[in-house]
Amino acid sequence: MAIPVILVFGATGKIGGALVEELLPAHAAGRVKLVAAVRRPEAAPAFEARGLEARLIDLDLAETRGLEPIVGAMRGVDRVFLLTGYDVRMIAQSKAAIDAARAVGASQIVHVGAHASPDTTIVHFAWHQVVEAYIDRSGVDATHLRPTSFMQNLPLLLQVGGAQPGVLPHYLGDARTSWVDTGDVARVAAVALREPKAHAGRAYGLGTEAASMPEIAALLAEITGLPWRDEAREPAGFLRTMTALGADPVYMACVRNVFERTRSGSLKDAADTFDTVQRLTGRAPTTLRDYIERHRAAFS
Ligand SMILES: NC(=O)c1ccc[n+]([C@@H]2O[C@H](COP(=O)([O-])OP(=O)(O)OC[C@H]3O[C@@H](n4cnc5c(N)ncnc54)[C@H](OP(=O)(O)O)[C@@H]3O)[C@@H](O)[C@H]2O)c1
């Protein structure tokens, strides 16, 4: 039987990078052929050095160059891991990838979306739901991964917040929100990609622990032995800061709205948690305590 070819979009990012690590042993053992999709040529050598093929795919180029170059780059691919970035262009990027996956006869798409109730009115969550519906319409077997807030956002808050040492700036008031480690999202993606049939037509919520920012600041203090405290800020400041740093203002306005509605309590699904990681991987998920202990240097 031919070795299944797995193409990983977002291989240079957090989840995609962790997924490559997760699937490398199966690649090295010849059970799968792992291919990294890179949109910048300079990203290719790092994958090639580890024995992976890297294919140059910039999904934004579909609009000006048509779908054919993407179809060409995806030839021979059986299973697609689809992830896009923090940008309104994610809708068109996803459509191009899904259309190309269908054109090359791929048999599976594992897609990273976001957890939200089916009738959500949060706009970027709705974009993810529209992408999921388009995947379902494509006829390609699909597994939808729906993570909540990434634990990896915590060091990011310190970087962009420009706060004093020992201060955790945030925009959530005292509300609890749900957290997941991107490594756990990648591990679940790997399970689905290894056994497509078992996970076809499934959607998995991925949020393993609920905690408020004051609770996380207390955890930081306990683990590092330093006097951490949280600092609640106005969500509008998040949008200003991220936009000034070059992030997409359309997407970041959606994140601001999530912050507004989480702290006001009108986002009922914000603190949902699931047993997906334990159930699918057979391993306990990373807790916030584990995450902070592993990344102690970032908080010390
Ligand atoms: N952060 C959260 O709390 C959270 C929660 C729930 C869901 N999500 C979802 O998670 C996803 C992001 O995951 P992540 O944090 O792992 O992403 P990430 O680290 O920001 O990586 C994004 C990846 O997408 C690639 N990419 C960007 N534009 C592309 C294009 N035009 N063509 C091809 N590839 C392109 C990037 O390549 P380069 O390296 O070249 O830029 C990078 O590899 C988003 O869909 C987001 O909505 C996030």
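**Ligand shell.** I started with the ligand: 26 residues surround it (a heavy atom within 4 Å), and Thr 12, Arg 39, Arg 40, Tyr 86 and Tyr 251 come nearest. Note to self: this is a predicted model, where local features need pLDDT of at least 70, side-chain atom pairs need 80 or more, and totals for chains, interfaces and linings use all residues. Numbering runs from 1 along each chain as its sequence is written, and side-chain values use heavy atoms, without hydrogens or water.

By class I get eleven nonpolar, ten polar and five charged residues in the shell. Here Ala, Val, Leu, Ile, Met, Phe, Trp, Tyr, Cys and Pro are nonpolar, Asp, Glu, Lys and Arg charged, and the others, Gly among them, polar.

**Polar atoms.** I looked up some N/O distances to ligand oxygen atoms. The side chain of Arg 40 has an N or O atom at 2.7 Å, a backbone N or O atom of Ile 15 sits at 3.0 Å, and a polar backbone atom of Gly 13 is at 3.3 Å.

**Burial.** Alone, the ligand exposes 940 Å², and the protein buries 87% of that (Shrake-Rupley, 1.4 Å probe).

**Tyr 251 again.** I then checked H6 (123-138) against H12 (249-264), both DSSP runs of H or I, at least four residues. Their axes (lines fitted to C-alpha atoms over the stretch in contact) come within 7 Å and cross at roughly 115° on a 0 to 180 degree N-to-C scale. That makes the pair roughly perpendicular (65 to 115 degrees). In the contact (heavy atoms within 4.5 Å) I find Tyr 251 of H12, with Phe 125 and Trp 127 among the H6 residues.

Key. Helix = DSSP H or I, 4+ residues; strand = E, 2+ residues; numbered from the N terminus. Parallel < 35°, antiparallel > 145°, perpendicular 65-115°, else oblique. Polar contact = N/O pair within 3.5 Å; in protein donor to acceptor, adjacent residues only side chain to side chain.
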